[in-house]
2 protein chains.
Amino acid sequence: MSAPRNHSEKQTNNMFSHPLLDANPGLWAGIVTTLRNKHYNNGDRIVLHGDTADSLWLVLKGWIKLTRQTPDGKESIIGLCTEGEMFGEAALFSHANYPYTAEVAGNSSELVGIPSTTIRSLVSKDPSLSAQVMTMLSERTSQAQLKLEHMTTMSAAQRFGCFLLRLCNTQLDGIKTLQIPIEKHILAAYLGMKPETLSRSQQQLKPLGISVAGHIITIRHIEKLRDFVCNSCSESGNCSTDAAS
Amino acid sequence: MSAPRNHSEKQTNNMFSHPLLDANPGLWAGIVTTLRNKHYNNGDRIVLHGDTADSLWLVLKGWIKLTRQTPDGKESIIGLCTEGEMFGEAALFSHANYPYTAEVAGNSSELVGIPSTTIRSLVSKDPSLSAQVMTMLSERTSQAQLKLEHMTTMSAAQRFGCFLLRLCNTQLDGIKTLQIPIEKHILAAYLGMKPETLSRSQQQLKPLGISVAGHIITIRHIEKLRDFVCNSCSESGNCSTDAAS
């Protein structure tokens with residue numbers, strides 16, 4: 001190993017902090033040399049829509065924007081992935097292409113790429129990994145369906161509030177400071193609203209103790225935000241944002 | 001077997017026409033006695049949101065509405081399943097609950113229920129079935145993400161047109177007559193629009209050769225409808241509605 005010891009240890013720690021690897025470190029330790037830990041800068045493109053899906057990507061740090069173009073020239077932001085999430089699930093299937101372009105959306109980003117041959121071989125041999133991957137795919141479906149529901153049952157301010165609550169992870173109450181280095185028009189598009197609607201939503205959340213200063217958002221009372229948002233969501237009480245850590 | 005021979009043969013034929021069973025009939029033949037072929041009437045409830053997910057359900061005939069309630073009393077229609085589709089994927093995971101209520105939405109319906117213990121045991125033993133289930137889960141995610149995209153890139157008339165194209169399956173051009181025995185307010189809610197917007201959308205599609213008479217919809221030129229709809233969709237050219245049969 002030519003890498004300095006500290007650097008190598010840092011990478012390994014980071015990698016195994018991701019939920020996919022954290023659940024079964026023994027399984028991954030055997031193939032750790034095939035995993036690629038990569039650093040990217042703001043605006044870097046990681047994968048291109050239509051390219052062969054040769055890796056499954058785990059996000060260790062930063063924000064990744066998943067986009068598609070329509071033939072009549074509209075860009076659609078279909079996902080924003082951050083720490084602990086993954087993208088490129090097409091790599092689980094043979095002869096599949098990436099169904100979106102993935103680019104770094106804010107500051108630098110650190111990812112792990114798992115070659116498609118490695119992940120497919122592991123999944124076909126290990127029923128527990130196969131079950132874990134199916135659970136993750138199923139959760140991804142539920143999230144997309146819930147986001148669709150929110151487009152009709154929630155106001156714009158509630159949808160923005162729900163996005164913030166998800167970033168609080170399982171913290172149930174108290175104060176939380178979030179750093180979201182994403183341009184306003186990208187975040188607004190992801191939430192299905194215009195940038196001016198996002199600005200109005202931020203104003204609407206002020207009385208609940210939410211303050212926005214550049215890319216820093218402070219939530220003074222998570223429980224108040226939850227009351228405001230979750231009453232209009234059918235997953236209320238079952239959602240990952242409700243679960244105690 | 002006490003069932004009349006013809007009845008039994010009809011059930012088996014129907015069951016094996018579903019894509020999940022059709023792809024690997026040998027695998028399912030061994031456990032066919034554990035599968036439950038059931039008939040339901042309009043309005044019948046099949047599963048209740050929050051109940052233990054004890055079966056995966058395959059739709060052989062009819063329409064199933066998947067709904068959830070928000071704490072503040074709004075009903076959200078998160079899915080409409082018809083022939084060849086499935087619901088209740090939560091049954092693939094141990095100790096999971098149904099994330100929605102499923103009810104028959106129009107006329108009668110015929111379903112096959114696969115007990116959760118049966119499907120979980122098969123999936124854990126058979127890597128090809130496991131891969132097939134992962135593909136189906138991944139397609140479900142893609143569909144939900146695409147529907148989200150359409151909420152911002154497409155007009156209401158285009159979204160209604162896309163719904164019709166999906167029911168044409170892989171028929172690329174020519175005339176198609178569809179029977180959609182679903183009340184207008186349910187279909188409108190599923191498409192994320194008001195009933196009056198759905199009526200206006202039907203009017204807008206008339207010049208393209210779409211006529212609506214009660215629950216019968218005639219599409220005179222599938223290719224014209226595709227031109228109108230798919231130009232605003234990032235899946236254009238890759239979609240199941242484009243694939244030649």
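The legends below describe close-up views of a predicted model with chains A and B.

**View 1. The symmetry that relates chain A to chain B.** A turn of 180°, with a shift of 0.0 Å along the axis, lays chain A on chain B with an RMSD of 0.0 Å. That is the relation of a two-fold axis. Within chain A, the C-alpha nearest this axis belongs to T141(A), at 2.2 Å from it. Both copies use the same surface, since 100% of the contact residues of chain A recur in chain B.

**View 2. The interface between chain A and chain B.** In this view, 39 residues of chain A are in contact with 39 residues of chain B. The area buried between the two chains is about 3,400 Å², and carbon and sulfur atoms give 64% of that area. M134(A), Q145(A) and L148(A) together supply 17% of the area that chain A buries against chain B, which is more than any other three residues supply.

**View 3. Polar pairs and the elements that carry the interface.** Across the interface of chain A and chain B there are four salt bridges, and 13 residue pairs are in polar contact, counting pairs with both residues at pLDDT 80 or more. R68(A) forms a salt bridge with E235(B), and the closest N and O atoms of this pair are 3.7 Å apart. The elements of chain A that give two or more residues to the side touching chain B are β3 (55-69), β4 (75-81), α4 (116-125) and α5 (127-153). With 19 residues, α5(A) gives the most to that side of chain A.

**View 4. The buried face of helix α8 in chain A.** Helix α8 of chain A comprises residues 195-205, and its buried residues are T197(A), L198(A), S201(A), Q202(A) and L205(A). Seen down the axis of α8(A), these buried residues fall within an arc of 145°, so they line one face of the helix. The elements of chain A against which the buried residues of α8(A) pack are α6 (156-167), α7 (184-190), β8 (210-213) and α9 (222-230).

**View 5. The surroundings of L205(B).** L205(B) is found in helix α8 of chain B, which comprises residues 195-205. The relative accessible area of L205(B) is 0%, so this residue counts as buried, the limit being under 20%. Leaving aside neighbours within four places in sequence, L205(B) is in contact with A157(B), F160(B), G161(B), L164(B), I210(B), L225(B) and F228(B). Of these contacts, F160(B) is 45 residues from L205(B) in sequence, while the two lie 9.1 Å apart in space, C-alpha to C-alpha.

Definitions and conventions: Residues are numbered from 1 along each chain as its sequence is written. Chains are lettered from A and ligands numbered from 1 in the order in which they are written. This is a predicted model: local features need pLDDT of at least 70, side-chain atom pairs count only at pLDDT 80 or more; totals for chains, interfaces and linings use all residues. Side-chain values use heavy atoms; hydrogens and water are left out. Copies are superposed by least squares on the C-alpha atoms of residues with pLDDT of at least 70 in both. Contact means heavy atoms within 4.5 Å. Buried means under 20% relative accessible area, exposed over 50%, partly exposed in between (1.4 Å probe, protein chains only). Helices (H or I, at least four residues) and strands (E, at least two) are DSSP runs, numbered from the N terminus. The arc is that of the directions from the helix axis to the C-beta atoms. Buried area is the accessible area (1.4 Å probe) that two parts lose on being put together, summed over both. A salt bridge is a side-chain nitrogen of Lys or Arg within 4 Å of a carboxyl oxygen of Asp or Glu. A polar contact is a pair of N or O atoms within 3.5 Å; within protein, one must be able to donate a hydrogen and the other to accept it, and residues adjacent in sequence count only if both atoms are side-chain atoms.
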